[in-house]
Amino acid sequence: MRFETKAVHAGREIDPTTGAVTTPIHLSTTYERSSDGSYTDGFMYSRGDNPNRRSLEECLTSLENGHDCVTYASGMAAISSVIEALPEEKPKRVVMADDMYFGVRTMLMETDIGRRFDIVTVDMTDLDKVKSTIESAPTGLVWMETPSNPQIKIIDIEAVAEMAKQAGAFSVIDNTAATPVLQQPLSLGVDFSLHSVTKYIGGHSDLLLGAVIAAEDNDMLQNLRAWQHAKGAVPSSFDCWLALRGVQSLSARVMMQCSSAKIIADFLEAHEKIEAVYYPGLKSHSGHDIAAKQMKGFGGLLSFKVKGSEKDALKVANSVNIITQATSLGGTHTYIEHRASVEKELTMAPDNLLRLSVGLENAEDLKEDLEQALSNIPV
Ligand SMILES: *Cc1c(COP(=O)(O)O)cnc(C)c1O
């Protein structure tokens, strides 16, 4: 089956007891034990496994052609679990892309994970630097995120995954912004692909969930699976059900978001009040060729700098009508956000930069809204 077919069918079947086409939600936390000690479908207690979670994990495994998938209560629970699941004998050194998701930076600063692991950051668009950083000390984990946000940097996935392999390290990618539709990291040699399912896969800004898809069985996957149950940061059945509903339209949504994002990027690039646009679908983007090689489309996320100060950027964000000024990405609504004032002193975002997550509104309406918002700042 091809991607779109699997998105509708993988991990699901017509309900054998009722004929329901849509998978029922199973809210039961516990399952009856038979006299011989067995369980009808292998389910015993919902934290260990449940039908909705299993369906979602099977579907996501299938969508990225992996071996298995482990889901969590949020993208951050998936991220912290991946770092902690690094097998005992591996060096506790993690080489990370410098433009990492802001929540990861916060986690490293504010929790014990940042102290228990030696975290080294590097600009992963510079492959020579990545190689020398990985080789300068024994490394256990190499962490990519591409496209990154808000700077929309593109990393050569295959090259970095190979460097990790040569160094005996596991490679991980945060594939959230790319989505499984546009980017298939496991086929490029990456060991683990993770998602904030909260974003594009859920797709409607109404659930919180994280997932890690493993390329093959190994010690690290076994830690992830055992600790999912033992530590208990599991998603609810309802959120799994919502994610499975969302995933069915993932491809259609993302393809439209790609085409609208390109229309908006072209419009902004030609605009007199715009200093720079960061969208990998633009020929002017430094990562355009690599993105064209490893992605099926350039995504729905872009950033741009207005000509002017932080005050001007905020003025634009505060002047939109159709677009919503809000955080997050990958939903049906278009979101605009001034990351620097959200991230405060830890930020790496320029103060005149705005991030746009393109939704499913008509692209012409979005363009007109940006045009009128930009008319509020001086040339
Ligand atoms: C939102 C996000 C996360 C964190 O996911 P939550 O579901 O909010 O915990 C991680 N990585 C990226 C790229 C994200 O956009």
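In this predicted model, Pro150 is placed in the loop between β4 and α7. The peptide bond that joins Asn149 to Pro150 is cis, with omega at about 15°. Pro147 also has its place in the loop between β4, residues 141–145, and α7, residues 157–166. Here a cis peptide bond connects Thr146 with Pro147, and omega is about -10°. Most peptide bonds are trans, and most residues other than glycine have a negative phi.

The backbone of Thr179 also deserves attention: this residue is not a glycine, yet its phi is positive, at about 70°. Thr179 is found in helix α8, which covers residues 179–182.

From the backbone we may turn to the ligand. The ligand sits in the second largest pocket. Its surroundings consist of Ser74, Gly75, Met76, Ile79, Tyr101, Glu145, Asp174, Thr176, Ser196, Thr198, Lys199 and Leu329. By residue class, this shell divides into 4 nonpolar, 5 polar and 3 charged residues. Helix α3, which spans residues 75–84, supplies the largest share of the shell, with 3 residues.

Individual polar contacts can be located within this shell. In the side chain of Asp174, an N or O atom is 2.7 Å from a nitrogen atom of the ligand. Oxygen atoms of the ligand are involved as well. For Ser196, the distance between a polar side-chain atom and an oxygen atom of the ligand is 2.9 Å. For Thr198, an N or O atom of the side chain is 2.6 Å from an oxygen atom of the ligand. Taken alone, the ligand exposes 380 Å², and the protein buries 92% of that area.

The final element to consider is a sheet. Its 5 strands form an open sheet with mixed pairing, in the order β8-β9-β12-β11-β10. At the edges are β8, residues 274–278, and β10, residues 324–325, each of which pairs on one side only. For β10, the pairing with strand β11, residues 335–337, is parallel and runs over 2 bridges. Gln325 illustrates this pairing at the level of single residues, as its bridge partner in β11 is Ile336.

The reader may now return to the structure and follow these regions in turn: the loop between β4 and α7 that holds Pro147 and Pro150, the pocket in which the ligand sits, and the open sheet of 5 strands.

Conventions:
Residues numbered from 1 in each chain as written. Predicted model: local features only at pLDDT ≥ 70, side-chain atom pairs only at ≥ 80, totals over all residues. Heavy atoms only, no water. Near = heavy atom within 4 Å. Polar contact = N/O pair within 3.5 Å; in protein donor to acceptor, adjacent residues only side chain to side chain. Areas by Shrake-Rupley, 256 points an atom, 1.4 Å probe, with all protein chains shown as cover. 1 Å grid on protein atoms, 1.4 Å probe; cavity = no way out; pocket = protein on both sides within 12 Å on 5 of 7 lines; lining within 4 Å. Sits in = over half its atoms within 2 Å of the grid points. Helix = DSSP H or I, 4+ residues; strand = E, 2+ residues; numbered from the N terminus. Nonpolar A, V, L, I, M, F, W, Y, C, P; charged D, E, K, R; others polar. Pairing = 2+ DSSP bridges.
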